[in-house]
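User: Could you walk me through how to read this one? I'd like to go feature by feature.

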Amino acid sequence: MKLLVTFSRREGRRPIIAQVVKDTGVLINVVRAVIDSHEGEALIDIPDDQCEIVRKRMADLGATVRILEHAIILDEEECVDCGACISICSQEVFSFDAAWKIVVNSVRCVLCGHCVTACPHGALTQSEET
Ligand code: SF4
Ligand code: SF4
């Protein structure tokens, strides 16, 4: 399961992800991270059954954590199966099925947002699920 973690760096450069790995024993795969002098945002991937322990420890350390069940959402009513999202996505989230309908494997998504802006029909949105 993917978690989007946001944390402030104003109170120091505490290595929050390393701290959570140490405290929980859960190995965290960092999919994407953007960190500057004020705050950091990291997309992490962890086993589903260890999600709650990681989420709780990160919250205890002051981070804001969003659970992303479905990172990218396809509106099938809007989609015209043009395939533009297949071309733009480097993670191979999209593919055609045998009937040339778009299939989404959002487990691979790293939330770069490129497909959302590339879709000519506004059929894709990023999950806001918490
Ligand atoms: S780019 Fe948009 S309309 Fe085209 S196949 Fe992908 S989701 Fe559907
Ligand atoms: S947000 Fe990025 S990684 Fe996720 S499906 Fe869209 S293009 Fe692919």
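Analyst: Start with the spacing of the domains: in this predicted model, the C-alpha centres of domain 1 and domain 2 lie 27 Å apart. The assignment puts domain 1 at 2-68 and domain 2 at 73-126.

User: Okay, ligands next. Which residues come nearest to ligand 1?

Analyst: To read a ligand shell, list who sits around the ligand, then sort by class. Ligand 1 has 13 residues around it, and the nearest are Cys 79, Cys 82, Ala 84, Cys 85 and Cys 119. Sorted by class, that shell holds ten nonpolar, two polar and one charged residues. Keep in mind that Cys counts as nonpolar in this scheme.

User: And what does the shell around ligand 2 look like by class?

Analyst: Nine nonpolar, three polar and no charged residues. Among the residues around ligand 2 are Cys 89, Cys 109, Cys 112 and Cys 115. Ile 72, Ile 88, Val 93, Val 110 and Leu 111 are there too, and so are Gln 91, Gly 113 and His 114.

User: Now the strands. How many residues of strand E2 are buried?

Analyst: For burial, you count neighbours: a residue needs 20 or more other C-beta atoms within 10 Å of its own to be called buried. Strand E2, residues 29-35, has seven residues and zero of them are buried, so the strand is hardly covered.

User: Which strand does E2 pair with, and in what sense?

Analyst: E2 pairs with strand E3, residues 39-45, in the antiparallel sense over six bridges. A hairpin of three residues joins the two strands. To see the register, look at Val 34, which stands opposite Glu 41 in E3.

Notes: Residues are numbered from 1 along each chain as its sequence is written. Chains are lettered from A and ligands numbered from 1 in the order in which they are written. This is a predicted model: local features need pLDDT of at least 70, side-chain atom pairs count only at pLDDT 80 or more; totals for chains, interfaces and linings use all residues. A residue is near a molecule or strand if its C-beta atom, placed from the backbone, lies within 6 Å of it. Domain bounds come from an automatic or database domain assignment. A residue is buried if 20 or more other C-beta atoms lie within 10 Å of its own, exposed if 12 or fewer, and partly exposed in between; C-beta atoms are placed from the backbone. Helices (H or I, at least four residues) and strands (E, at least two) are DSSP runs, numbered from the N terminus. Two strands pair if DSSP finds at least two bridges between them.
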